Protein chains: 2
Amino acid sequence: MISVDPASPLGPAEQIRGQLEALIRSGALAADERLPTVRQLAVDLRVAAGTVARAYKELEEAGLVRAARAAGTRVNPGHDDGAAFAPASDLVRAARRRGLTLAEAQALVAAAWVGDDAETRPRAERPVHRFPAPGPDAG
Amino acid sequence: MISVDPASPLGPAEQIRGQLEALIRSGALAADERLPTVRQLAVDLRVAAGTVARAYKELEEAGLVRAARAAGTRVNPGHDDGAAFAPASDLVRAARRRGLTLAEAQALVAAAWVGDDAETRPRAERPVHRFPAPGPDAG
DNA sequence: CACGTTGTGTCGACCGTTTGACACAAGGGT
DNA sequence: ACCCTTGTGTCAAACGGTCGACACAACGTG
């Protein structure tokens with residue numbers, strides 16, 4: 001099931017791409033399973049065909065699907081991350097208990113990510129803001 | 001630590017808002033702690049002040065922070081979801097083991113979310129695409 | 001081979017966001 | 001009371017994404 005939320009900060013193309021990726025990684029879309037055609041999905045979601053085409057293109061560049069001219073777009077094997085799906089379900093349950101929204105739960109993931117990442121991977125040389133060390137003497 | 005990724009599908013304001021939310025929910029920014037000035041953060045991240053102001057405004061409307069004219073913007077108490085942060089860390093570890101990116105891990109959360117949600121909450125009447133039931137005979 | 005299907009690319013137009021600069025409002029420090 | 005700090009709001013202009021329609025390319029079917 002795919003839908004486009006007009007209130008999302010993400011554009012239609014990115015929403016479609018992300019939802020398809022989620023379906024593939026969760027195993028809801030099995031390997032070799034066929035995705036709807038660009039035009040069909042565009043009609044269903046009330047978006048332009050080019051928008052769906054962009055989503056498909058990015059999925060193909062990511063290696064998640066393969067696209068052939070008249071054969072349609074199909075899921076590539078090796079992307080069913082069912083193992084990592086279990087921890088994701090745990091997080092969803094915990095988030096639901098606290099009344100968090102999906103976006104808030106994803107924000108938690110982002111927080112845990114940088115907390116585990118900033119020390120290992122040196123961030124690209126992008127403009128950053130660093131907080132003054134709160135220190136143990138804070139307060 | 002906050003940074004803005006030009007390659008992200010999210011706009012600068014949304015990125016800043018999301019990262020601040022993550023810092024607050026993870027407890028990296030404690031209650032009553034002061035956020036950087038709108039202008040200061042704008043300079044650090046090389047974005048317009050109005051962009052940071054928009055992020056702060058949305059954070060305040062969400063109740064995560066309080067803004068006073070000359071006292072700056074401070075974190076509101078009661079948003080340190082440290083409990084739910086542990087499952088998020090588990091997910092991050094699992095995702096890292098599989099070589100997933102942050103966006104991919106978040107896609108897994110989205111997949112788990114709808115999987116647990118679609119059956120309980122009737123989605124708003126938005127245009128949707130439904131996949132033909134794969135059935136047990138699929139393959 | 002002929003035809004329909006499907007993915008891909010292009011084009012001008014529209015709309016939301018960001019930008020950069022500025023003025024204003026309101027609290028803090030002295 | 002004065003002035004600096006800080007958040008808020010406005011404005012025109014530039015930018016990017018989407019739209020909607022169309023033409024094209026390649027594959028499958030017959």
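The following legends describe close-up views of a predicted model with protein chains A and B and DNA strands C and D.

Residues are numbered from 1 along each chain as its sequence is written, and chains are lettered from A and ligands numbered from 1 in the order in which they are written. Local features of the predicted model need pLDDT of at least 70, side-chain atom pairs count only at pLDDT 80 or more, and totals for chains, interfaces and linings use all residues, while side-chain values use heavy atoms, with hydrogens and water left out.

**View 1. Relation of the two protein chains.** A turn of 180° with a shift of 0.0 Å along the axis lays chain B on chain A with an RMSD of 0.2 Å (least-squares superposition on the C-alpha atoms of residues with pLDDT of at least 70 in both copies). This relation is that of a two-fold axis. The copies meet through the same surface, because 98% of the interface residues of chain B are also interface residues in chain A (contact means heavy atoms within 4.5 Å).

**View 2. Surroundings of DNA strand C.** DNA strand C is surrounded by 21 residues, and the closest are Val38(A), Arg39(A), Arg69(A), Thr51(B) and Ala70(B) (a residue is near a strand if one of its heavy atoms lies within 4 Å of it). Of the atoms of DNA strand C that come within 4 Å of the protein, 59% are accounted for by sugar and phosphate. This surface has 9 nonpolar, 5 polar and 7 charged residues (Ala, Val, Leu, Ile, Met, Phe, Trp, Tyr, Cys and Pro count as nonpolar, Asp, Glu, Lys and Arg as charged, and the others, Gly among them, as polar).

**View 3. Polar contacts to DNA strand C.** A polar contact is a pair of N or O atoms within 3.5 Å. A polar side-chain atom of Arg39(A) lies 2.7 Å from a base nitrogen of DNA strand C. In chain B, a backbone N or O atom of Ala13(B) lies 3.1 Å from a phosphate oxygen of the strand, and a polar backbone atom of Pro12(B) is 3.4 Å from a phosphate oxygen.

**View 4. DNA strand D and its contacts.** Among the 21 residues that surround DNA strand D, the closest are Thr51(A), Ala70(A), Val38(B), Arg39(B) and Arg69(B). Sugar or phosphate makes up 61% of the atoms of DNA strand D within 4 Å of the protein, and the rest belong to bases. A side-chain N or O atom of Arg39(B) is 2.6 Å from a base nitrogen of the strand, and for Arg69(B) the distance from a side-chain N or O atom to a base nitrogen is 2.6 Å. A polar backbone atom of Pro12(A) is 3.5 Å from a phosphate oxygen of DNA strand D.

**View 5. The second largest pocket.** The second largest pocket has a volume of about 390 Å³ (on a 1 Å grid over the protein atoms alone, a pocket is an open set of points where a 1.4 Å probe fits, with protein on both sides within 12 Å along at least five of seven lines, and lining residues have an atom within 4 Å of a point; points are joined across faces, edges and corners, and the volume is the space filled by probe spheres set on them). Its lining has 15 residues, of which Val38(B), Ala67(B), Ala68(B), Arg69(B) and Thr73(B) are the closest to the centre. The lining divides into 7 nonpolar, 3 polar and 5 charged residues.

Notes:
Polar contact = N/O pair within 3.5 Å; in protein donor to acceptor, adjacent residues only side chain to side chain.
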